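Trainee: Could you walk me through this one and explain how the labels are earned?
Mentor: Happily; let's have it on screen.

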Amino acid sequence: MTTSLVEQSNSKLWLAAIKPPMYTVAIIPIWVGTAVAYAETRNINGAIFSTFLMSAILIIAWLNCSNDVFDAETGIDKNKAHSLVNLTGNKPLIFALSNLFLAVGILGIVAIAWWQRDLTVIGLIFLCCALGYTYQGPPFRFGYQGLGEIICFVTFGPMAVAAAYYSQTQSWSINCFAASIVVGIATSIILFCSHFHQVEDDIAAGKRSPIVRLGTKRGSQVLWVFSVSVYALTGLFVLLGHFPIWTLFVFASLPVALKLCWHVHQHHDQPEKVSNSKFIAVGMHFWSGLLLSLGFVLTSG
Ligand SMILES: C/C(=C\COP(=O)(O)OP(=O)(O)O)CCC[C@H](C)CCC[C@H](C)CCCC(C)C
Ligand SMILES: O=C(O)C1=CC(=O)c2ccccc2C1=O
């Protein structure tokens with residue numbers, strides 16, 4: 001291979017390891033929680049919003065770097081060229097970097113708690129991080145028992161969205177809780193899709209992911225149910241009066257959801273073809289979350 005081809009494939013591996021599109025999972029819960037707060041109060045604290053956003057991004061950087069460290073310890077990533085630990089060959093460095101991201105991320109949340117003179121947001125985010133750790137870190141490694149999607153739903157949905165809402169209002173909202181259910185399901189769909197192409201490595205490492213447990217065919221059927229539930233719940237919450245009518249904009253993301261379900265339906269047992277489903281799911285999560293926020297923001301006028 002020529003030097004430039006080597007450089008090209010090396011930079012592709014680094015991009016795959018850093019996973020830039022994945023950082024939208026940090027942005028959406030903060031946007032949605034803040035949008036519901038704006039719809040209800042017509043007021044936003046920009047410093048709290050931007051600090052929360054930066055902190056959430058740093059927490060996801062911690063989650064992803066530490067995931068590569070912990071996966072290197074169990075050997076599950078031995079065939080994964082785009083692991084930060086495999087790329088650098090320096091596990092302590094990645095571990096130190098991940099801890100730095102977490103510390104700075106938490107510092108931002110501490111600043112919010114200080115501005116509010118209230119420990120609620122820091123309590124919620126600390127619990128999110130602790131649960132995130134139990135997904136991948138010793139001695140828990142709950143992801144190996146197939147519990148990741150439940151942890152993902154609770155943390156990225158009700159906990160993170162409520163924390164963003166609370167950071168603006170210092171109160172709770174049933175409408176925000178309804179919105180957080182939609183966000184939580186869409187986020188868990190990303191994690192669920194990330195397992196389809198990893199079945200062989202997961203079985204070899206003793207990881208009983210939902211797809212290892214269900215099989216890829218049933219997994220693809222379950223994906224239809226979860227994806228439909230995002231839109232059905234949005235419609236239901238509009239009917240029940242929890243969501244403003246404009247949140248029906250979420251249906252504009254339906255083509256991405258259909259593309260995802262159809263792609264997985266066709267290729268569920270072909271690892272090389274189904275491996276990109278995780279990023280189609282990121283698109284579905286991003287567009288449905290963005291349109292949901294927009295629906296709340298438009299109603300607040
Ligand atoms: C790191 C995650 C998935 C990667 O899993 P896996 O090891 O199977 O994949 P690779 O092939 O890439 O190695 C995501 C795990 C998410 C976890 C269950 C919950 C984390 C909660 C967060 C800390 C919440 C952050 C909220 C924020 C918005 C403030
Ligand atoms: O690398 C991954 O597969 C994921 C990383 C990540 O941060 C995340 C967050 C929320 C849901 C799913 C995922 C991943 O799948």
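Trainee: What makes a residue part of the shell around ligand 1?
Mentor: A residue is near a molecule if its C-beta atom, placed from the backbone, lies within 6 Å of it. In this predicted model, 25 residues surround ligand 1, the closest being A56, C128, G132, Y135 and T155.

Trainee: Which helices supply at least two residues each to the shell around ligand 1?
Mentor: They are α2 (24–41), α3, α6 and α7; helices are DSSP runs of H or I with at least four residues, numbered from the N terminus.

Trainee: How does the shell around ligand 1 divide by class?
Mentor: There are 15 nonpolar, eight polar and two charged residues. Ala, Val, Leu, Ile, Met, Phe, Trp, Tyr, Cys and Pro count as nonpolar, Asp, Glu, Lys and Arg as charged, and the others, Gly among them, as polar.

Trainee: Why is I125 called buried?
Mentor: The label takes 20 or more other C-beta atoms within 10 Å of the residue's own, again placed from the backbone. I125 has 27 such neighbours, so I125 counts as buried. I125 lies in helix α6 (residues 120–136), and its C-alpha is 9.1 Å from that of A56, 69 residues away in sequence.

Trainee: And which residues surround ligand 2?
Mentor: Ligand 2 has 13, with M22, V25, I190, L191 and S194 the closest. Two or more come from each of α3 (46–74), α7 (148–169) and α8 (174–193).

Trainee: How are the numbering and cut-offs set?
Mentor: Residues count from 1 along each chain as its sequence is written, while chains are lettered from A and ligands numbered from 1 in written order. Local features need pLDDT of at least 70 and side-chain atom pairs 80 or more, whereas totals for chains, interfaces and linings use all residues.

Methods: A residue is buried if 20 or more other C-beta atoms lie within 10 Å of its own, exposed if 12 or fewer, and partly exposed in between; C-beta atoms are placed from the backbone.
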